[in-house]
Structure formats: C-alpha cells, structure tokens
Amino acid sequence: MKWIKSRNNQILAMVMIMMAILGIRLFGLTVVEGAQWDKAASNISIKSISTSAPRGEILDRYGRVMAGNIPSFTVQFSPGNLTNEQINFVSRNLIRILEENGDNYYDNFPILIENGKFYYTYQKDIENWLASQSMPTNYSAEQAFFEIRWRQNIDEGLDKYDAQAELQSVYNIFPPISVKNMKYLKELDKESFLGRYKLDTSLTAKEAFQALKEKFELPSSISDAEARKIMVVRNELSSQGYRKYIPAKIAGGVSEETIVIVKEKNSDLPGVEVVAESIRYYPNGNTAAHVLGYLGQISESEKSEYVDEKGYKANDLIGREGIEKTLESTLKGKDGTKNVEVNAFGELVRVINETEPQKGKDVYLTIDLELQKTAEAALEQALTEIQKAGTFQSQWGNYKYGTAYKNANVGAVVALDVETGDVLASASYPDFDPNLFASGISKEDWNALQGVNLRDPLSPLPLFNVAARTAVQPGSTFKMVTATAALESGLDPLTRLRDGGAVKLGNRTYGCLVWNRNRSTHGYINLYEALEVSCNYYFFDIATGKDFSKGTSLGFKDPINIKKITSYAEQYGLGLETGIEIPETVVPVPSEERKLAQIKAMLRNVLIGRAEMYFENSLIDDKEKLHENIMTIVSWTEENPTRNELIKRLGTLNVKEDLIETVADLCKFTYFNQATWTTGDELNISIGQGENAYTPLQMTNYVATIGNKGVRNEVSLIKAIEDLGNIKREAGKKIEIKDEKNLEHIIEGMERVVSGSRGSLRSVFANFPVQVAGKTGTAERGGKVNPPDEVEYIKQHLAQINRSLKWEDVEAELVRLMEDYPDIYTTRNYAVRQAVINLSNGKVTSAKIDAYKADYDPFAWVMTLAPADDPKIAVGVLLFQGGTAGYAAPVAREVIAKYLQLDKIYKDYDLDTRITQ
C-alpha cells in the first residue's frame with residue numbers, strides 16, 4: 001500500500017494499464033479481426049481524376065468564333081498501386097471494349113508488326129520522307145541534308161546552321177533533321193522512347209519488343225498482336241513521365257456504348273474513368289486555316305519539355321502552326337484535378353479535394369471573318385476559272401479569262417488596314433480543314449494533305465501559308481519603289497521621256513512588253529503614264545539617271561543607283577520582317593554579295609556534277625583532293641582571271657588535257673563574267689525582276705505604306721487578349737522622303753492604271769463605284785517544271801533526247817555512277833542525267849534533257865489601294881502561273897467591295913471598352 005501511495009508509482013501503474021489495454025485491442029484487430037479489416041481496407045481506394053481545361057477561343061475582330069470547343073468524352077486510366085498483372089488485365093479488357101464499339105484509341109507505340117516482321121515507325125517515317133524527296137532510303141541525315149543543300153545551290157561556305165536558316169527562310173524547305181546532332185528528328189524520337197525504358201538505343205525493333213514484354217511481365221502465352229495492344233496502353237501510362245499520378249488518356253471522343261460499358265464494368269476496370277472534356281472545333285471549316293493553324297500531338301523528343309517541364313499530359317494536343325502555335329501558352333488552360341475515395345464497386349465515398357480547370361484565355365484577331373470568307377471564295381473562283389478559260393462571276397461585272405492556264409492552282413490574297421497594319425484577311429490556296437487535326441489526324445488524311453510533286457517548288461501544298469511564306473519576283477508592282485527613289489533624286493513627274501523600245505547591252509536587249517511582242521513603243525511619256533502602261537524603258541531611264549534613247553544624263557540633283565533603289569525597298573519593308581506573329585519568309589533585297597555567292601554555288605555544283613567528264617580518273621578516286629581542286633577553281637570567281645591565265649592554272653589541277661579550254665570557257669564566260677553586278681542586273685531589279693523576291697504579305701504592306709503617307713506599320717494578326725485588353729503597338733516608321741507630294745504623284749499614276757484609257761485594270765473596275773489605285777505585275781519564272789521522277793521522264797523521252805541511246809545502257813551507266821561515286825551521284829534522279837551526258841560523249845546538254853519539260857507560266861500580281869483619295873484598305877493578290885497580271889484583279893475587287901460594305905455596318909470591336917463597361 002505504501003508503494004501505491006507514491007505519486008510517481010501511480011502514474012507508472014496507469015501507463016502500464018493503458019499499454020495493456022492497447023496491446024489487447026491491437027491483438028484483436030490484427031489477429032482476431034485481421035481478415036475482416038483487411039477486406040474493408042482493400043474496398044477503399046483513392047483516385048485522382050483529371051479534367052482537361054478547354055483551350056481559349058480564337059475570335060475575329062468583331063467577336064465571331066473562329067476556333068472554339070465542343071464537348072467530348074475521354075477514357076482515362078490511372079493505375080495507382082495496381083500490379084503489373086492487374087494493369088495488363090485492365091489494359092487488355094479496355095482495348096477490347098473500345099474495338100468492339102468501333103472507337104479509336106491513342107496508338108503511339110512505335111513498334112509495328114507486319115507479316116511477322118517488327119519495325120520502328122520512326123524508321124518507316126524516315127524512309128517515306130526520303131522516298132518523297134527522291135533520295136535513297138538508306139541515306140543518313142547528313143547525306144540528305146547535303147543533297148538538299150546541293151539542289152538549292154546553298155553556298156558551301158555557309159555552316160550547317162546558316163544553311164538551314166537559308167533553306168527555311170528563302171526556299172521554304174524544312175527537312176526533318178536536327179542539324180545540331182545531324183540526325184533525323186525521328187531518330188531522336190526513337191532514342192527518347194528507348195531511353196524512357198532504359199533500353200539500349202541500338203536494339204532492333206524485335207529486340208526492344210521482347211525486352212518490353214519482359215519489363216511489363218506479359219504472359220508468354222499471349223500472341224505478339226495481343227501483347228502489342230497491352231503495350232499501347234502501357235506506353236501511354238509511361239509517357240506521363242514524372243507525372244505518373246495524373247491519369248493517362250487512352251481514347252478520346254468515345255461512343256455512348258463505351259461510356260455505358262465502362263461504367264457497368266467499373267469493378268473489372270479499376271483505375272479507368274470516363275470524363276467529359278472539350279475538343280477543338282473550327283466552326284468555319286477551312287476558313288483562315290493558315291492563320292489559325294492546327295493542333296498536333298507531342299512528339300517523343302518533345303515530352304521532356306511539355307510533359308516533364310510544363311505539366312502537359314502525354315496525349316495533349318499542342319499548337320503546331322499559326323496562332324494556335326504562337327499563342328500556345330496563352331490558349332492552353334490549366335487542368336483541374338479531383339481526388340476522391342471510391343469503394344471496390346467504384347462508388348464515390350467522398351471527395352478529398354478538387355481543383356477546377358481554368359479555361360485558356362480568349363484571343364481576338366484583327367481578321368474580319370466575313371471579309372476572310374470573301375477573299376477565299378474569290379481566290380478559289382479565280383484559279384478555278386483561269387484553268388479552263390472560264391468566267392469570274394460577280395455583281396460588279398463578270399470577267400472572261402481569254403486564255404487557259406492549267407497550272408494556275410496556287411495563290412494568295414492579303415488585305416491590310418492602311419492606317420494600322422491590321423491583317424483584315426489573309427488567304428492562301430489550296431487550304432485545309434483544321435478540324436482534321438482536332439483529335440489527332442489519320443495517316444490517310446495526312447497523306448492527302450501532302451504535295452503531289454515535291455520536286456516542283458510551285459506544286460500545291462495545302463498546309464503551306466503562301467501569303468506569308470512564298471517569296472517570288474514582284475514584277476512591275478515593284479516600280480513604285482523605283483519611282484520613289486527617282487522622285488527623291490530630282491525626277492520631275494511631268495517630264496516626258498522617249499520610249500526607245502529596248503535597251504541593248506551586248507547581245508541582249510531589255511524592252512517593254514509591247515516591244516517584245518510587236519516592236520512598238522509608248523512614245524513620249526511621263527511618270528503617271530509610265531505607271532499606267534507599265535513602261536519598262538521609262539523605268540530603265542529613271543533607275544540609272546540616263547536617257548537611253550538620247551544617250552544623255554537626266555540631270556538629277558542627287559545621284560541614283562541600284563543601292564538607292566534597294567534602300568527604299570527596305571524602307572518600304574521589302575526584304576524585312578513585317579512583324580506578323582506567325583512564321584514568314586524573308587529574302588533580303590538584292591545585293592552584289594548575294595549574287596556572287598549564288599554564282600559560286602552554281603559553278604561548284606556544275607563542276608561536281610561533271611567531275612567524271614572534266615577531271616582525270618586519278619583525281620576522281622581521291623575525293624578530298626577532287627573537292628579541294630574544285631573549290632580552288634571556284635575561289636577564282638572574284639578575281640576573274642584572263643582566259644589564258646585560266647588555261648594555265650587549270651593545267652595544274654588534274655583537268656583532262658583535251659578539256660582544259662572547255663572548262664576554262666565554262667568558268668570564264670558562263671560564271672566569272674556574270675558574278676559582279678552588271679547594268680543588266682540594275683535594269684532587271686528596277687522593274688521587279690532579277691534577284692527581287694518578296695511575299696504577298698510584304699508587298700501588301702509596302703503598298704499600304706504608300707497609302708499611309710509613307711508611314712510603315714508593323715503588320716499584326718492579334719488585336720486583343722482576354723484580361724490584357726487591346727495589344728499596344730509601336731508607332732510606324734516614316735520612310736525618308738523630302739516631299740510627301742512624291743507619294744501623291746505615285747498614287748496618281750496608280751489611279752491611271754485603274755481608270756486611265758490605257759490602264760491594265762480599267763475593264764475590271766469599269767463599273768466599280770469607288771476610285772481605286774492599283775498596279776499590276778506579270779513576273780517571269782525561269783526554269784522548267786521538274787516531273788515527280790526524273791528517271792521516268794528520261795526513259796519516256798530518251799528517243800527524243802538522243803536516238804542512238806538505249807535505255808538499258810543508260811540504266812547501267814546510272815548504276816555504275818552511283819556505285820563508283822556515291823558521294824557525287826547521290827540520287828538516281830541526279831545520276832541518270834549524267835549517265836545520258838556521258839553516253840553521248842557530251843553532245844547532250846542539260847538544256848537538251850530538259851527540252852521536253854513544261855515551262856512555268858508567269859505569275860500574276862495585282863496591288864490595290866481604296867479609296868484612292870483616302871486609302872483605308874490595301875489588297876494584294878498573287879496567282880502562281882496565273883498567266884497575266886490582270887487575271888488577279890477580280891479577286892482584289894471582290895475584297896475591296898466587301899470591305900467597304902462592312903465598314904458601313906459594323907463598329908470595330910474594342911476589348912478595352914468592353915472591359916471597362
């Protein structure tokens with residue numbers, strides 16, 4: 001009793017009693033009732049349900065939806081703590097349900113099985129691309145990149161990064177090659193895929209398949225086909241990267257039958273949920289497709305960026321082109337998450353926490369949807385009717401196309417707000433329906449959107465934005481640049497100069513269209529009349545400051561030359577970025593440096609192509625020495641040595657003795673003498689030919705600058721963004737002019753093009769109620785239309801090219817060239833031409849081989865401003881192979897008419913005002 005009276009002992013006793021009670025209870029829970037509570041615990045699980053946030057809408061300047069969202073149902077799978085066996089069981093059953101109901105599921109597993117053979121989809125994609133480019137399917141990325149450089153005469157002195165930039169910006173070529181690693185992008189995807197599973201990147205497709213089969217613990221009893229279906233689901237789960245707790249999307253846009261079955265069999269499909277989501281929807285179909293862009297899946301090599309770093313799901317779609325790509329981070333919303341407890345029957349026990357999805361921000365474009373539709377409809381009608389010499393139907397007057405141009409199947413039209421630089425409409429033809437990409441495009445639809453003849457740079461490419469990405473010669477629409485430079489140099493617009501018909505330089509003449517056709521002239525004309533009739537001879541005079549008919553100087557106060565003209569071209573925005581928010585092509589204004597680089601590249605390629613013909617066999621076998629000797633010859637271009645000196649030097653470079661003079665004459669007269677800027681170059685550039693090359697977007701902004709009193713605005717497609725209001729822009733830049741009346745003189749000449757008695761647009765705008773200022777341009781396109789397959793072309797026309805040659809011999813020589821000189825003759829299309837030349841002992845030339853190919857028809861340009869006395873809208877139209885400039889005019893007329901009508905009905909949408917109200 002004495003012990004218990006102690007306060008410390010009492011506390012100790014109480015603790016011992018409580019411990020005994022807890023021990024007894026713990027024994028009861030774990031031993032006596034253990035099975036019961038284990039079953040109860042297993043019947044409760046926590047699930048994380050992800051709800052994708054809708055993308056922000058894209059609307060036109062008046063708030064009309066151009067890209068929105070529609071509801072859809074998606075099947076998700078979150079395996080949680082399921083074992084491999086359980087995941088495989090659920091995956092197999094889920095795929096079976098989807099297939100039975102005809103629902104498509106995401107299949108991004110890159111190993112396919114055909115007729116018992118395994119292969120990577122990556123390799124198949126590479127081979128298909130090489131085949132489409134007429135290259136051997138075993139080409140490495142480096143070989144393919146070299147081949148593309150060679151085809152486009154890219155200066156060999158440029159490093160691979162600069163060469164890539166030139167391919168993209170000048171030639172609109174985007175080879176699927178990483179120049180940094182010099183690997184195909186698909187090769188990098190393959191390495192990323194195998195690396196995700198910690199597999200050796202050298203494994204064959206079959207070896208990788210078997211390794212994954214073991215990794216996923218798939219039973220050996222199932223077939224490879226069934227195993228692959230399970231791997232499809234496992235791959236989607238694995239693609240979540242470090243965010244594996246987020247459910248993976250297995251199928252989108254599923255049917256009601258699938259929804260019902262998944263819910264009914266919920267207990268057999270643990271971790272599987274059907275959730276409501278939204279998918280992208282473009283209510284106007286093809287309208288403004290190149291402006292809006294489209295969505296695409298995240299590639300394997302992009303998953304570290306988007307999935308791991310930015311928190312995307314592996315199956316999320318991202319913007320691939322247009323505004324969808326440019327404003328991806330703005331349009332992309334923030335996904336919501338709901339963590340819930342469910343029992344074994346899938347029934348909700350309680351919601352633990354929930355985060356609501358946040359919709360992406362809406363974007364308001366400068367585009368006027370109705371004007372865009374008008375532009376696209378007019379463009380399509382014009383091209384369709386030109387191909388058959390039909391009639392353009394319009395309430396403003398029908399226009400009959402007198403001559404058919406069957407290859408007029410590509411074009412663009414751009415409409416800009418003169419005062420702001422807003423893009424009111426931008427249409428390219430052909431186009432596409434971005435809805436095809438909204439939930440993942442099929443291979444069949446993708447193939448249908450590819451070019452028919454990839455060897456022809458002018459062949460129709462539905463996905464290509466012609467308005468912003470195609471730079472071509474502007475023809476006579478460039479003459480306002482030359483006029484600006486001349487007026488600023490002291491030209492009196494009223495001074496009449498005599499049209500002498502043609503300027504003769506050496507053996508070549510440079511004349512007007514009327515001189516070239518029937519040896520007539522325009523007589524004495526001033527600036528206004530010269531613009532009206534587009535007199536080349538007049539512009540030759542003012543571009544050089546010389547009266548060619550008299551052989552005297554024009555006496556300008558300030559000197560004029562080609563550099564001054566190209567300086568004004570740049571001030572007008574030609575050869576520079578316009579500021580538009582989507583990708584555009586920019587070709588610099590002409591320069592002596594560019595011409596020199598092109599001449600050197602052309603000479604190099606000719607010497608490489610004819611190496612076996614010109615050089616001794618001992619040199620041909622030494623590839624490094626051959627390349628060194630060729631580059632030595634090319635390096636003489638700037639020096640341009642005499643013919644005798646060339647003959648002497650070539651004798652030391654292993655050129656065949658009997659061909660030294662031939663090679664010397666080729667280098668001297670065809671290349672070296674043409675490498676510097678000549679008077680002929682200046683004449684061509686002054687009238688929009690030669691090295692000039694600009695996009696419809698740049699050309700329209702240049703004309704808008706004339707209408708805006710010489711102030712060049714940055715072009716923009718984005719008017720406002722939700723929560724940010726109207727986008728603020730920098731003030732426009734004024735071109736360097738001493739007298740604004742000079743621009744008025746130019747506009748007066750442009751008015752005469754439309755309403756003058758000899759104006760080329762007079763008939764199109766004859767009944768138009770508003771005075772328009774305009775300029776036409778017919779730009780010549782050199783070269784021949786390459787057929788899809790050069791080998792087949794030569795085989796078909798061999799008898800016409802050289803009757804004494806037999807195809808069997810040509811084919812044998814082709815094979816020999818490629819086997820003996822694989823570094824030189826990299827493709828059958830290249831080798832077959834040299835084979836014909838070799839077998840004919842040089843009698844057959846490249847010109848003779850190409851003689852039976854079609855010529856390119858001229859481009860048709862029309863540039864307009866309306867109303868002429870106070871321009872509000874600038875419209876530019878380009879028709880590839882449209883034949884003659886006037887054929888593009890009805891398109892511009894329709895756009896101007898629609899704009900002026902809308903201007904009276906609609907009030908401009910101002911988001912700032914809307915927010916403050």
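How closely do the axes of helix α18 and helix α30 approach, and at what angle do they cross? That is where I started with this predicted model, and my notes are below.

1. On the opening question: the axes of α18 (residues 479-489) and α30 (residues 696-707) come within 11 Å and cross at roughly 40 degrees. The two helices are therefore oblique to each other. As for hand, α18 passes α30 in a left-handed crossing.

2. If you want to click through that contact, pick K479, M480 and V481 on the α18 side, and Y702, V703 and I706 on the α30 side. The residues of the contact between α18 and α30 divide into 5 nonpolar, no polar and 1 charged.

3. Now follow α30 to another partner. Helix α31 (residues 741-755) packs with α30 at an angle of about 115 degrees, and the axes of α30 and α31 are 9 Å apart. From α30 the contact takes V703, I706 and G707, and from α31 it takes L743, I746, I747 and M750. Sorted by class, the contact of α30 with α31 has 6 nonpolar residues, 1 polar and no charged ones. Note that V703 and I706 appear here and also in the contact with α18.

4. Just ahead of α30 there is a loop worth a look. G690 sits in the loop between α29 (679-686) and α30. Is G690 buried or partly exposed? With 31% relative accessibility, G690 counts as partly exposed. Leaving out residues up to four places away in sequence, G690 touches Q473 and N684. For a distance to check in your viewer, take G690 and L626: these residues are 64 apart in sequence, and their C-alpha atoms are 33 Å apart in space.

5. Next, the sheet. An open sheet of 5 strands runs in the order β18-β17-β31-β30-β29, with antiparallel pairing. Why is one side of β18 and of β29 (773-779) left without a neighbour in the sheet? Both strands stand at the edges and each has a single partner strand, so one side of each has no neighbour there. From one strand to the next, the twist averages 5 degrees.

6. Helix α15 (residues 369-387) packs on this sheet, touching β17, β18 and β31 (873-879). The direction of α15 makes about 30 degrees with that of β18.

7. Don't read the edge position of β18 as exposure. Strand β18 (residues 423-429) is mostly covered, with 6 of its 7 residues buried. Keep one general point in mind when you look at side chains there: in a regular strand, they alternate between the two faces of the sheet.

8. The partner of β18 deserves its own entry. Strand β17 (residues 411-417) pairs with β18 in the antiparallel sense, over 6 bridges. To check the register, note that G411 stands opposite Y429 in β18, while the bridge partner of L416 is V423 in β18. The hairpin of β17 and β18 has 5 residues between the strands, and G421 takes a positive phi near 85 degrees in this hairpin.

9. A second hairpin is easy to find further along. Strand β20 (residues 502-505) and strand β21 (residues 508-511) pair in the antiparallel sense over 4 bridges. Here V503 stands opposite Y510 in β21. How many residues lie between β20 and β21? There are 2, and G506 in the turn has a positive phi of about 65 degrees.

10. One more glycine, in another part of the chain. G102 lies in the loop between α3 (84-100) and β4 (111-114). G102 is exposed, because its relative accessible area is 60% and the cut-off for exposed is over 50%. G102 and E85 are 17 residues apart along the chain, and 26 Å separates their C-alpha atoms.

11. Finally, the whole chain. The protein chain has 37 helices and 31 strands. Along its principal axes, the C-alpha trace spans about 140 × 80 × 60 Å. Of the 917 residues, 52% count as buried. Among contacts with a separation of 6 or more, 71% come from residues 24 or more positions apart.

Methods:
Residues are numbered from 1 along each chain as its sequence is written. This is a predicted model: local features need pLDDT of at least 70, side-chain atom pairs count only at pLDDT 80 or more; totals for chains, interfaces and linings use all residues. Side-chain values use heavy atoms; hydrogens and water are left out. Axes are lines fitted to C-alpha atoms, for helices over the stretch in contact, and angles run from 0 to 180 degrees between N-to-C directions. Angles under 35 degrees count as roughly parallel, over 145 as roughly antiparallel, 65 to 115 as roughly perpendicular and the rest as oblique. A crossing is left-handed if the near helix is turned anticlockwise from the far one by less than a right angle, and right-handed if clockwise. Contact means heavy atoms within 4.5 Å. Ala, Val, Leu, Ile, Met, Phe, Trp, Tyr, Cys and Pro count as nonpolar, Asp, Glu, Lys and Arg as charged, and the others, Gly among them, as polar. Buried means under 20% relative accessible area, exposed over 50%, partly exposed in between (1.4 Å probe, protein chains only). Two strands pair if DSSP finds at least two bridges between them.
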